[in-house]
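Visitor: I am new to this structure and would like a close look at a single part of it. Please take the charged pairs and go through them slowly.

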Amino acid sequence: MLNQIKGLHHVTSMASDAQENNDFFTKTLGLRRVKKTVNFDAPDVYHLYYGDETGSAGTVMTYFPFPHIVKGRRGTGEVGETAFAVPQGSLGYWGERLGRVEEETRFGETRLRFEGPDGDGFALVEAPGDSRAPFAGGPVPADHGVHGFRGVTMRLHDAAATAELLKFMGYEETAREGAFTRLVMPGGNGADVIDLEVLPGADRAREGAGSVHHVAFAVENREAQAEVRRALTEAGAHVTPQIDRDYFWAIYFRTPGGVLFEIATNEPGFDRDEDRAHLGEALKLPAQHAHLRDRLEQTLQPITD
Ligand code: ZN
């Protein structure tokens, strides 16, 4: 069993409109946009990152906004819901702020479920004792602010192989209730909870706007990442080489349940090419796409803050 993974690093989804996406995360949820860059594999599309003050691992929701992309269809083989942790006693505030919410109890916890601009599945869960500081520069008061992720729910046709993989990655199964199996990362970074929801009769999800593209797990550095890569490969996974994403290093592999996993490093972080006071303001391009700047500044949808 591995001990290098410390919970989630980021969750990456698809959106249909960059401005709407930006406004939802910065103005409604009160996160900070910590990076405005492009999809390194398809530079005509933004890659927007939202998180806490510095974009700490376990707080970062990221988006590829593809203009006019059709909505995804929910189903199995995907992350169906991303949950954020908020301070104890703040769900009432959020219910009023968000308007259209649905309350659900899972494993004894109240979850406030709501949708993002493209029907993205989200929830807020009160996390007493979560010491991660919410971003103080947004419109949400600190005593209600988002700490970061609490975790994700994966919708699966069958949970067995994914549960086994997560246990190999260091998660422990803590409870079962109805269709849900809960796994928790002991000693994690706060973004510690994975729920597996089994839906044997459901169709496979079709990726589109509002769908999660992949979920990334956090390791401290490239050395830990190389150890994880070696162990996963020996266990039979087809894992990519270590790829430089400028703000972290990444490896990817498709899991038996259909969800794309990434393992990402906490180093070097989002302040490697911008001052902390100005994170996310300028369009940052990786060296391999720097020559495209003039064109991209003409073609990417401008974002007004
Ligand atoms: Zn990623």
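Which side chain does Asp273 meet in a salt bridge?

Guide: The model is a predicted one. In it, the side chain of Asp273 meets that of Lys35, and the N to O distance of this salt bridge is 2.7 Å. Lys35 belongs to strand E2 (residues 32–39), while Asp273 sits in the loop between E16 and helix H5 (293–299), so the bridge ties together parts that are 238 residues apart in sequence. The two partners can also be described by their accessibility. Lys35 has a relative accessible area of 0% and is buried. Asp273 has 25% relative accessibility, and because buried means under 20%, Asp273 counts as partly exposed.

This pair can be set beside others, since a search of the whole structure finds 27 salt bridges. One of them joins Arg293 to Glu297, with their closest N and O atoms 3.0 Å apart. Both residues are in helix H5, and because they are four residues apart there, about one helical turn separates them. Arg293 is partly exposed at 28% relative accessibility. Glu297 is partly exposed too, with a relative accessible area of 46%.

Another salt bridge is formed by Glu81 and Arg106, whose closest N and O atoms are 3.6 Å apart. Glu81 is in strand E5 (residues 78–86) and Arg106 in strand E6 (residues 102–106), so this pair links distant parts of the chain, 25 residues apart. Both Glu81 and Arg106 are buried. They also belong to one network, joined by salt bridges that share partners, which includes Glu102, Glu104, Glu109 and Arg111. Arg113, Arg150, Arg182 and Asp195 are members of that network as well.

Strand E16, which comes before the loop of Asp273, leads to the zinc ion. Strand E16 spans residues 260–268 and holds Glu262. The protein donors of the zinc ion are Glu262 (OE), His10 (NE2) and His214 (NE2), at 1.9 to 2.0 Å from it. Their spacing along the chain is H-x203-H-x47-E. His214 lies in strand E13 (residues 212–219), 48 residues from Glu262, and the pair links distant parts of the chain. His214 and Glu262 are both buried.

A last residue to look at is Phe253, in strand E15 (residues 248–254). Phe253 has a relative accessible area of 2% and is buried. Apart from neighbours within four places in sequence, Phe253 is in contact with residues including Leu165, Met169, Leu232, Phe261 and Ile263. Phe253 and Ile263 are ten residues apart in sequence, and their C-alpha atoms are 8.8 Å apart in space.

Definitions and conventions:
Residues numbered from 1 in each chain as written. Predicted model: local features only at pLDDT ≥ 70, side-chain atom pairs only at ≥ 80, totals over all residues. Heavy atoms only, no water. Helix = DSSP H or I, 4+ residues; strand = E, 2+ residues; numbered from the N terminus. Buried < 20%, exposed > 50% of the residue type's maximum accessible area, 1.4 Å probe, protein only. Contact = heavy atoms within 4.5 Å. Donors = N, O, S within 2.8 Å, 3.2 Å for Na, K, Ca; no water. Salt bridge = Lys/Arg side-chain N within 4 Å of Asp/Glu carboxyl O.
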